[in-house]
Amino acid sequence: CSFVAGCMTMLFFAKIILARRVVIDELSSPTTAAPAGLMCMTMVCVFAGRGIVGQALVTLAASMHLMLAMWYIYMALAYRILPDPSWFPNTIGIGLSAVKTWLYYPMPGHFLMAISLTLIFFFLPISII
């Protein structure tokens, strides 16, 4: 399972490096940007607890997830769309990155947890209405 997830992560990075224009195009729409958050969540789950390399990759994935969440919220406000379940990986899913980051760095982990909780409190009333 970890081997398959590691291969998927390597392919994701290869896609970013080799097909930069395609990645930018995918990130320009809230609908097509959703899988990027899932890749960040996969990276933190697979590489947590794997020594110094795992620590570096978890930190990188959590940082990418935070930037992705900010970009995703910006796009949603720019397009004036209401939240739907596909928003989870890029917004509230940052809580998973927070827990794994907390294993290495408690304060940044708490910061990401606070962001995740804030997003939950922000999106839940909008989703219910």
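## Packing of H1 and H3

In this predicted model, helices H1 and H3 pack with their axes 10 Å apart and at an angle of about 135°. H1 is therefore oblique to H3. The crossing of the two helices is left-handed.

From H1, the contact draws on Ser2, Ala5, Gly6, Met8, Thr9, Phe12 and Phe13. H3 answers with Met39, Thr42, Met43, Val46 and Phe47. By class, eight residues of this H1–H3 contact are nonpolar and four are polar. No charged residue takes part in the contact of H1 with H3.

## The largest pocket

The largest pocket holds about 440 Å³ of space. It is lined by 18 residues. Closest to the pocket centre are Phe12, Ile16, Val23, Leu27 and Ala36. Phe12 also belongs to the H1 side of the contact with H3.

The lining has 14 nonpolar residues. One polar residue and three charged residues make up the rest of the lining.

## Which helices build the lining

Four helices each supply at least two lining residues of the largest pocket. They are H1 (2-18), H2 (20-26), H3 (30-47) and H4 (51-79).

Which helix gives the most to this lining? H3 does, with six residues. H3 thus serves in two settings: H3 packs with H1, and H3 lines the largest pocket. H1 likewise packs with H3 and supplies at least two residues of the pocket lining.

Technical notes. Residues are numbered from 1 along each chain as its sequence is written. This is a predicted model: local features need pLDDT of at least 70, side-chain atom pairs count only at pLDDT 80 or more; totals for chains, interfaces and linings use all residues. Side-chain values use heavy atoms; hydrogens and water are left out. On a 1 Å grid over the protein atoms alone, a cavity is a set of points where a 1.4 Å probe fits but cannot get out, and a pocket is an open set with protein on both sides within 12 Å along at least five of seven lines; lining residues have an atom within 4 Å of a point. Grid points are joined across faces, edges and corners, and a volume is the space filled by probe spheres set on the points. Ala, Val, Leu, Ile, Met, Phe, Trp, Tyr, Cys and Pro count as nonpolar, Asp, Glu, Lys and Arg as charged, and the others, Gly among them, as polar. Axes are lines fitted to C-alpha atoms, for helices over the stretch in contact, and angles run from 0 to 180 degrees between N-to-C directions. Angles under 35 degrees count as roughly parallel, over 145 as roughly antiparallel, 65 to 115 as roughly perpendicular and the rest as oblique. A crossing is left-handed if the near helix is turned anticlockwise from the far one by less than a right angle, and right-handed if clockwise. Contact means heavy atoms within 4.5 Å.
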